[in-house]
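Visitor: Could you take me through one part of this model closely, and then show me how the rest of the chain sits around that part?

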Amino acid sequence: MKIPAPPSPPTQRATSGPGSTRPPEKRPAEPVLEVTGLTKRYGDVEALGGFTLSVAPGEIVGLVGHNGAGKTTFVEVVSGLIRADGGTVSVAGHDPHTARHLVGVSPQHLALYPSFTVREHLKLFGGLSGLRRGALSDAVDEVAADLRLTEFLDRPAGFLSGGQQRRAQAGTALIHRPALLLLDEPTAGADPETRQALLDTVRRRADDGAAVVYTTHYLAELTELDATLAVAKRGRVVARGTAAELLTGLPGEVRLTFEDGTEDRRSTDDPTGTLVGMLAGASRPVASVDVRKPDLDDLYRSLAVLDGD
Ligand SMILES: Nc1ncnc2c1ncn2[C@@H]1O[C@H](COP(=O)(O)OP(=O)(O)OP(=O)(O)O)[C@@H](O)[C@H]1O
Ligand SMILES: [Mg+2]
């Protein structure tokens, strides 16, 4: 099922109306999520300090940043779980508190009812969003197949393994095909097969038009999802762009491990040249060579340099 893009304002529709001789203009779709200047304090802690982000239909935004950067607080505000002190949130033109069916959330801190089975969870969340009878049981079957939940659909959530619980939680976010998906570390503790099933499902949902915010500490997942990155720091988005835009030109690392167990590591934006130089200058037998492309750590370091941290 395609998720309709939110209606565009009449002023922007006029250019390609029936009386117009011009071909329809290609313009960026209206964002599904539009967040501006969110603030949230917990006592002395400024969890959000002017958090601004917009996500278009079909776009996956990889929300990354150090522990405590404000990612989960942002997800909690947008999902209507907590109220911000200031700023605005619009989900397809609605206040998220009044349009919960538009949003699907897989929270970082799992929220499942231990005595309810996985099927009961999926039916509950689907039912709350208006799915009934045949449509509801079809949606349960589809999500169960996508996320490999079928074999433990009738097991109480309290008896599931950590990774199985994480999958069931993701299912509650996906069941009603929301226009906006908020997935906060959905692959934490997931085995490789589970991770792959989730990434494939998220990618398909985005291809069907959903806007996705995907929080993770793993760059490889975001590359696989073809996500754009939003880097959070101290409660704000401090960098936004594709992985290629943000990482190109950053130094990676070359590491030689010697047979005596010691290492020589160099940060470099010319791995080949550096490796050749290091090997030529090595005075001890080399056991292994590791060349690492720039990753999120390198990105955070480069942003810290810009910030003067
Ligand atoms: N309920 C709360 N009471 C007090 N402080 C809080 C509360 N929730 C979050 N914080 C603080 O707000 C800041 C942002 O936390 P948040 O959970 O949003 O970070 P995060 O980016 O999701 O981190 P992580 O990568 O560890 O999940 C942290 O300093 C945290 O300690
Ligand atoms: Mg978090």
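**A close look at Phe258 and its surroundings**

Guide: Happily. Leaving aside residues up to four places away in sequence, Phe258 touches Arg284, Pro285, Val286 and Ala287. Please keep in mind that this is a predicted model. Phe258 belongs to strand 10, which covers residues 252-258. Val286 is 28 residues from Phe258 along the chain, yet their C-alpha atoms are separated by 4.3 Å. Is Phe258 buried or exposed? Phe258 counts as partly exposed because 15 other C-beta atoms lie within 10 Å, while a buried residue needs 20 or more.

Strand 10 starts at residue 252, and that end leads us to another long-range meeting. Asp298 touches Leu250, Pro251 and Gly252, again not counting residues up to four places away in sequence. Asp298 sits in helix 10, residues 296-307. From Asp298 to Pro251 the C-alpha to C-alpha distance is 7.0 Å, with their positions 47 residues apart in sequence. Asp298 is buried, because 20 other C-beta atoms are within 10 Å.

Now let us step back to the whole chain. The protein chain has ten helices and twelve strands, and buried residues make up 37% of its 309 residues. Of the contacts between residues at least 6 apart in sequence, 67% join residues at least 24 apart.

Next comes the core. In soluble globular proteins, nonpolar side chains tend to be buried together. Here the largest nonpolar core has 70 residues, and Val61, Leu180, Leu182, Val212 and Tyr214 touch the most other members. Leu180 is a good one to follow: setting aside residues up to four places away in sequence, Leu180 touches Val32, Leu33, Val91, Leu102, Val103, Ala210 and Ala211.

Leu180 also opens a path to the loop that follows its strand. Strand 6 spans 180-184, and Glu185 lies in the loop between strand 6 and helix 6. Most residues other than glycine have a negative phi. Glu185 has a positive phi, near 50°. Glu185 is buried, because 21 other C-beta atoms lie within 10 Å. Arg234 also has a positive phi, near 45°, and its place is the loop between strand 8 (228-233) and strand 9 (236-242). Arg234 is partly exposed, because 17 other C-beta atoms lie within 10 Å.

Helix 6 has a helix partner too. The axes of helix 5 (residues 162-174) and helix 6 (residues 192-207) come within 11 Å and cross at roughly 10°. Helix 5 and helix 6 are therefore roughly parallel to each other. Gly163, Arg167, Ala170 and Leu174 of helix 5 meet Thr194, Leu198, Thr201 and Arg205 of helix 6. Sorted by class, this contact has three nonpolar, three polar and two charged residues.

Last, the ligand. Around ligand 1 are Tyr42, Val45, Ala47, Gly65, Asn67, Gly68, Ala69, Gly70, Lys71, Thr72, Thr73 and Gln108. Strand 2 (45-55) and helix 2 (71-78) are the elements that give two or more residues to this shell. Helix 2 provides the largest share, three residues. By class, the shell has four nonpolar, seven polar and one charged residues.

Notes: Residues are numbered from 1 along each chain as its sequence is written. Chains are lettered from A and ligands numbered from 1 in the order in which they are written. This is a predicted model: local features need pLDDT of at least 70, side-chain atom pairs count only at pLDDT 80 or more; totals for chains, interfaces and linings use all residues. Helices (H or I, at least four residues) and strands (E, at least two) are DSSP runs, numbered from the N terminus. A residue is buried if 20 or more other C-beta atoms lie within 10 Å of its own, exposed if 12 or fewer, and partly exposed in between; C-beta atoms are placed from the backbone. Two residues are in contact if their C-beta atoms, placed from the backbone, lie within 7 Å. A residue is near a molecule or strand if its C-beta atom, placed from the backbone, lies within 6 Å of it. Ala, Val, Leu, Ile, Met, Phe, Trp, Tyr, Cys and Pro count as nonpolar, Asp, Glu, Lys and Arg as charged, and the others, Gly among them, as polar. A nonpolar core is a set of buried Ala, Val, Leu, Ile, Met, Phe, Trp, Tyr and Cys residues joined through C-beta atoms within 7 Å. Axes are lines fitted to C-alpha atoms, for helices over the stretch in contact, and angles run from 0 to 180 degrees between N-to-C directions. Angles under 35 degrees count as roughly parallel, over 145 as roughly antiparallel, 65 to 115 as roughly perpendicular and the rest as oblique.
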